[in-house]
Amino acid sequence: MNDIKNILPDFEPPLNKNRSYIPVCEPDLEGNELKYITDCVKSTWISSLGLYVNKFEKSFSSFCNVKFGIACTSGTSALHLALAAIGLRPGEEVILPTFTMIATANAVTYAGATPVFIDANPNTWNIDVDKIEEKINNKTRAIIVVHTYGYPADMDKVIAIAKKHRLFVIEDAAEAHGAEYKGKKVGSLGDIACFSFYGNKIITTGEGGMLLTNNEKIARIVRILCDHGFSKKRHFWHQYIGFNYRMTNLQAAIGLAQVERVDKFIKNRIEHAQLYKFFLEKIKGIILPPDTRDRKNVFWMYSILISDDFKINRNQLRIQLASEGIETRTFFIPMHLQPVYYKKYYLGKFPVSEDLCRKGVCLPSGAMLKKNHIKLIASLIKNIST
């Protein structure tokens, strides 16, 4: 396809401010967030040295059933730390899906390495595992899988390929807190996992991220790299080119309070997804998100496809919903279509990812979403379809 004008919307539809505004995502901060952050301020330990950072790391890594957690500034910095920790060098390659948020590809570029893009699987929207091996060569060092919109990737096949070719597996689990693959939490399946705690994620610290691993050596290196490469034995002594990717105690205080209610947040999203499905599954032209018995989808964003059988196209639907005060998002724009990567990759064949980009829309999905909001949104979509 590669005709960008036929894929991308020309503009973001303006929201009708005279209507009841339903945001695409809104965090729930009604637990111990204020209590912990007040305690943090009163203690004066507001930098990365406070006690809440360690508590948050232990709490979240335990939730994911992983030994080591290192909090950092973002999911992007977690990915960069992961690649730095495995010693990724310029000239080497990392395989990843083209259908993802740009942070996944940029982290590879930060390391001076080359991202190698793979098309999406039409049934899962995750990386098409059957196309990975054909892109592996002697420069390949790692595979990054993205658990897209909260639905786990096909990890058994990915891990088998990685073992065969001696590659690292990095989980980009930015959108998948609490998701499960065959009964195991995402984040515990690969060599390293990276989470985001941005304001729209299932749990949030405003900005922030965390790297998880069961590998003690990798955890030790990441902790050093995250803090400018400072030596444990001697201050202002650096054996590594490190980064300033430290999470503050203030952010970690919020994160700890969020982890205390993470099961509730996940339960809410699954219940909301079930309600969306009840109202939307019989509407012609609406394709619902993947959801199978062997995987627990946590529905970070309730994401649907508007097929050509629907009365209007995806962009027109977004405009009509915006006129009713309902905020939506398009699906990710694939990496090979991004201006910073387009010149190198535009000749590639990624038809599934382009189709997802053209047809996909994320409906309101946040923790503060109410059942009557879902009924209203679904009712409007149904009315538009008739």
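The following legends describe close-up views of a predicted model.

**View 1. The open four-stranded sheet with the order β10-β12-β14-β13.** The pairing within this sheet is antiparallel. Strands β10 (286-287) and β13 (329-330) occupy the edges, and each has a single partner strand, so one side of each is left without a neighbour in the sheet. Strand β12 (residues 302-306) runs antiparallel to β10, and two bridges join these strands. Within that pairing, Ile-287 stands opposite Leu-305 of β12. In general, the strands of a sheet are paired through backbone hydrogen bonds, in either a parallel or an antiparallel manner.

**View 2. Helices α8 and α9 against the strands of the open sheet.** Helix α8 (residues 262-280) lies across β10, β12 and β14 (360-363). The direction of α8 makes an angle of about 25 degrees with β12. Helix α9 (residues 314-323) lies across β12, β13 and β14. For α9, the angle of about 25 degrees is taken to β14.

**View 3. Asp-309 in the loop between β12 and α9.** With a relative accessible area of 53%, Asp-309 is exposed, because the threshold for that class is over 50%. Apart from neighbours within four places in sequence, Asp-309 contacts Lys-284 and Gly-285. Ile-283 is 26 residues away from Asp-309 along the chain, and the C-alpha atoms of these two residues are separated by 9.9 Å.

**View 4. The surroundings of Thr-104 in helix α4 (residues 102-110).** Thr-104 has a relative accessibility of 1% and therefore counts as buried, the limit for this class being under 20%. The side chain of Thr-104 forms a polar contact of 2.8 Å with the side chain of Asp-172. When neighbours within four places in sequence are set aside, the residues in contact with Thr-104 are Leu-79, Leu-96, Ile-144, Val-146 and Asp-172.

**View 5. The parallel pairing of strands β2 and β3.** Strand β2 (residues 93-97) pairs with β3 over five bridges. In this arrangement, Ile-95 stands opposite Val-116 of β3. Strand β3 (residues 114-118) has four buried residues out of five, so this strand is largely enclosed by the rest of the structure.

**View 6. Helix α6 (residues 216-226) and its buried residues.** The buried positions of α6 are Ile-218, Ala-219, Ile-221, Val-222, Ile-224, Leu-225 and Cys-226. These buried residues pack against β1 (68-72), α3, β5 (168-172), β8 and β9 (209-213). At the start of α6, a side-chain oxygen of Asn-215 comes to within 3.0 Å of the backbone nitrogen of Lys-217. His-228 follows α6 and has a positive phi, near 65 degrees.

**View 7. The largest pocket and its lining.** The space in the largest pocket amounts to about 740 Å³. A total of 38 residues line the largest pocket, and those nearest its centre are Met-101, Asn-200, Lys-201, Trp-300 and Phe-332. At least two lining residues come from each of α3 (75-85), α4, β8 (192-196) and β13. Among these elements, α4 is the helix in which Thr-104 is placed, β13 is an edge strand of the open sheet, and α3 and β8 are among the elements against which the buried residues of α6 pack.

Terms used
Residues numbered from 1 in each chain as written. Predicted model: local features only at pLDDT ≥ 70, side-chain atom pairs only at ≥ 80, totals over all residues. Heavy atoms only, no water. Pairing = 2+ DSSP bridges. Contact = heavy atoms within 4.5 Å. Axes fitted to C-alpha atoms, helices over the stretch in contact; angles between N-to-C directions. Buried < 20%, exposed > 50% of the residue type's maximum accessible area, 1.4 Å probe, protein only. Polar contact = N/O pair within 3.5 Å; in protein donor to acceptor, adjacent residues only side chain to side chain. 1 Å grid on protein atoms, 1.4 Å probe; cavity = no way out; pocket = protein on both sides within 12 Å on 5 of 7 lines; lining within 4 Å. Points joined across faces, edges and corners; volume = space filled by probe spheres on them.
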